[in-house]
Amino acid sequence: MGMAGVSATVVLAALDSTIISTTLPRVAEALDGMALYAWVGTGYLLATAASILVFGRLGDMFGRKPLMLLSVLIIALGSIACGLSQTMTQLIVFRSLQGIGGGMMIATAFAAPADLFPDAKQRVRWMALVSAAFAMASGIGPVLGGAATQALGWRAAFFIAPVAAAGAFFLLARYFPRIRPVHDGSRKIDWLGAILLVVAVGAPLAALELAFAGGDHAHPLLGALLAAMGVAAIAVLIPIERRVRSPIFPLRVLSAKESRLLNMAAMMVGAVMFVQIFYSPLLLQQVLNYTPSEAGLLLTPLVAAISVGSIINGRLFPKQSEPQRLMVFGGGLLAAGSLMVLLISPGTSAWWILAAFFVNGCALGFLLPNLTLFMQMLSERRDVGVASALVQTTRAIGSALGTAVVGIIISHSTVLNGVRAGLVLCIVLSLTCALLAHRVKMKNLATSRK
């Protein structure tokens, strides 16, 4: 039952991050804030990406249950505040607050299975459950948000998350055990390292948004300044983390070649995933002339099939002496799926479109759980949380980079040419991910290192 609480928490995280997608146009119109439209999503994503690593480490130091419970409260209260917002600025602030809760939730929930199931062969099945729950909730979120907005108004959509939060909080509080963390003897928080880590992750992502925003909202000089701040923060962070006794980001997490390869692969998977999620609706609506609702239905397999791939991966994993082969297969399948989407043109059958997105979803099911699981297997027990969080962070960075690059291409070309260039990039990144996974040697690693 402990995993029921974790799964409910992951469902809440997915609902909270996706439920606003179909609601936001109505919100921006009601609050007269179309100029700030993009920052509602950007504020959330920046806060999430910048906080994941910090909370991953704090979970290793102090235990994950208190942080999971706190994250549920932050998401619930933040959602209520969003529903009561009177201006777009207030909404951005409250969504950013929710983003901090989302980062705390992702950092702890995806690491929690390692606390409950030290045996990786057993854990992978539960990781598949968590990935499936996240994928299905991500698909349901926009539908729920749109239905609530249409029936009761946009404010009602923000009161769905608090209801889900009540169930998640009860299951966590009642059934998830309080597990004593394994730490290195010191639990003094590295505050300077935490601040530098937030700047190192958050500043470059904000720079992308500011430097390449469309029209009058572009601020290239400010973007360049933020990018420089991010580089400087990394340069200062590394020697500090080597020196302090209990670093917020222990560099030993990246000491193994396999760990570095996995995080490079995670960045590429994030880029491919979000290029398809973000720009495929543009292709379907502006080039193929589907309505928004039709495009949404055609895209459903991209998210729903992640659970299919995750379940198959969970079944196959215990039988593999070299489990990295599953990731190699996933990378190759993702390249094939991206090629199928690239071949979509006016007149293409809806069945081909559905099949293309289904293939991509299945491929992601072979990649997303294994990225986290392999990092956990390679890390020491005391670093499981920060190792899991690192994969989520590099994936988020890849997502931001991928969407920014394709956005730049579209702004200098046409939607069709830009999206097709993005899909060619997806094919290249997917094949590179398969190559990197092939170089990750996980032979006979059946249990997590203690």
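Here are legends for four close-ups of a predicted model.

**View 1. Two cysteines, C426 and C433, that stay unpaired.** Look for disulfides anywhere in the whole structure and you get zero. Why is C426 not bonded to C433? The two sulfurs sit 12 Å apart, and C433 has the closest cysteine sulfur to that of C426, so the gap is too far for a bond; a disulfide would need the sulfurs within 2.5 Å. Turn to C433 and the story holds: the nearest cysteine sulfur is that of C426, and C433 is in no disulfide. As for the surroundings, C426 is buried, at a relative accessible area of 1%, and C433 is buried too, with a value of 1%.

**View 2. The largest nonpolar core.** This one takes in 110 residues. Which residues have the most contacts inside it? They are L262, L284, L364 and L371. Helix α15, spanning residues 350-378, chips in the largest share of the core, with 15 residues.

**View 3. Zooming in on L262.** Leaving aside residues up to four places away in sequence, L262 touches M327, L371, F374, M375, L378 and V440. L262 and L371 both also turn up among the core residues with the most contacts.

**View 4. Helix α4 packed against helix α9.** Here α4 (residues 65-83) meets α9 (residues 160-175) at an angle of about 165°, the axes being 9 Å apart. That angle is why α4 counts as roughly antiparallel to α9. On the α4 side, the contact uses K65, M68, L69, V72, L73, A76, S79 and I80. From α9 come A161, P162, A165, A168, F169, L172 and A173. The crossing of α4 past α9 is left-handed.

Conventions
Residues are numbered from 1 along each chain as its sequence is written. This is a predicted model: local features need pLDDT of at least 70, side-chain atom pairs count only at pLDDT 80 or more; totals for chains, interfaces and linings use all residues. Side-chain values use heavy atoms; hydrogens and water are left out. Buried means under 20% relative accessible area, exposed over 50%, partly exposed in between (1.4 Å probe, protein chains only). A nonpolar core is a set of buried Ala, Val, Leu, Ile, Met, Phe, Trp, Tyr and Cys residues joined through side-chain atoms within 4.5 Å. Helices (H or I, at least four residues) and strands (E, at least two) are DSSP runs, numbered from the N terminus. Contact means heavy atoms within 4.5 Å. Axes are lines fitted to C-alpha atoms, for helices over the stretch in contact, and angles run from 0 to 180 degrees between N-to-C directions. Angles under 35 degrees count as roughly parallel, over 145 as roughly antiparallel, 65 to 115 as roughly perpendicular and the rest as oblique. A crossing is left-handed if the near helix is turned anticlockwise from the far one by less than a right angle, and right-handed if clockwise.
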